Amino acid sequence: MSDFVESLKRGAKAIKSALGPSRYEAANIKVTCPHCQNDIFEEGSAQLNTAGASFLNLDWLNKTAKILVCTRCGLIQWFGKSLEKID
Ligand SMILES: [Zn+2]
């Protein structure tokens with residue numbers, strides 16, 4: 001019975017780590033917060049304003065940006081290319 005409980009705990013932990021805050025790399029460089037030097041972020045994505053993206057000549061961004069929110073100070077960083085999740 002305790003084996004069963006243990007496997008449930010492991011499963012819950014695996015799910016939590018898959019969805020929770022994590023460390024990231026962009027261009028093979030670990031992402032850190034420029035404000036507080038934290039390296040754990042919540043990931044999100046945002047639609048770029050199409051007119052604004054055209055004006056800035058950023059059409060290659062494909063209208064979606066990744067955002068990383070620092071879990072310590074809340075600073076938001078934007079990435080127009082793919083991020084690698086590390087951990
Ligand atoms: Zn920070």
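**Contacts, strands and loops**

Trainee: Which residues does Cys36 touch, not counting residues up to four places away in sequence?
Mentor: This model is predicted, so read each value as computed from it. A touch here needs C-beta atoms within 7 Å. Under that rule, the residues touched by Cys36 are Cys70, Arg72 and Cys73.

Trainee: What separation do the C-alpha atoms of Cys36 and Cys73 have?
Mentor: Start with the contact: Cys73 is among the residues that Cys36 touches. Along the chain, the two are 37 residues apart. Between their C-alpha atoms, the separation is 6.8 Å.

Trainee: Is Cys36 buried, partly exposed or exposed?
Mentor: Cys36 sits in the loop between E2 and E3. Count its surroundings: 13 other C-beta atoms lie within 10 Å. Buried needs 20 or more, and exposed needs 12 or fewer. So Cys36 is partly exposed.

Trainee: What pattern does the protein follow along the sequence?
Mentor: Take the elements first: there are 2 helices and 6 strands. Now read them in sequence order. The pattern is α-β-β-β-α-β-β-β.

Trainee: What order do the strands of the open sheet have?
Mentor: The sheet is open and has 3 strands. Their pairing is antiparallel. Strand E3 (41-47) and strand E5 (76-79) stand at the edges. The order is E3-E4-E5.

Trainee: Why is one side of strand E3 and of strand E5 left without a neighbour in the sheet?
Mentor: Both strands stand at the edges of the sheet. One side of each is left without a neighbour because each has a single partner strand.

Trainee: What does the twist average from one strand to the next?
Mentor: Stay with the sheet ordered E3-E4-E5. Step from one strand to the next, and the twist averages 30°.

Trainee: Which residue in E5 stands opposite Ile67?
Mentor: Strand E4 covers residues 64-70. Antiparallel to E5, strand E4 is joined to it by 4 bridges. Opposite Ile67, in E5, stands Trp78.

Trainee: Is Thr64 buried or exposed?
Mentor: Thr64 belongs to strand E4. Within 10 Å of Thr64 there are 10 other C-beta atoms. The limit for exposed is 12 or fewer. Thr64 is therefore exposed.

Trainee: How many bridges join strand E1 to strand E6?
Mentor: E1 spans residues 23-26 and E6 spans residues 84-86. They run antiparallel. One pair of bridge partners is Glu25 and Glu84. The number of bridges is 3.

Trainee: Which residue in E2 is the bridge partner of Ala26?
Mentor: E1 also pairs with strand E2, residues 29-30. That pairing is antiparallel, over 2 bridges. For Ala26, the bridge partner in E2 is Ile29.

Trainee: What phi does Ala27 take in the hairpin of E1 and E2?
Mentor: The hairpin has 2 residues between its strands. Ala27 takes a positive phi there. The value is near 55°.

Trainee: What value is phi of Asn28 near?
Mentor: Asn28 lies in the loop between E1 and E2. The residue is exposed, with 6 other C-beta atoms within 10 Å. Its phi is positive, although Asn28 is a residue other than glycine. Phi is near 65°.

Trainee: Where does Gln37 lie?
Mentor: Gln37 has a positive phi of about 70° and is not a glycine. With 10 C-beta neighbours inside 10 Å, Gln37 counts as exposed. Its place is the loop between E2 and E3.

Trainee: Which residues does Thr32 touch, not counting residues up to four places away in sequence?
Mentor: Thr32 is in the loop between E2 and E3. With 16 other C-beta atoms within 10 Å, Thr32 is partly exposed. The residues touched by Thr32 are Gln37, Asn38 and Asp39.

Trainee: Which residues make up the largest nonpolar core?
Mentor: In soluble globular proteins, nonpolar side chains tend to be buried together. In this model, 7% of the 87 residues count as buried. The largest nonpolar core has 6 residues: Tyr24, Val31, Cys33, Phe41, Leu68 and Cys70.

How values were computed. Residues numbered from 1 in each chain as written. Predicted model: local features only at pLDDT ≥ 70, side-chain atom pairs only at ≥ 80, totals over all residues. Pairing = 2+ DSSP bridges. Axes fitted to C-alpha atoms, helices over the stretch in contact; angles between N-to-C directions. Core = buried A, V, L, I, M, F, W, Y, C linked by C-beta atoms within 7 Å. Contact = placed C-beta atoms within 7 Å.
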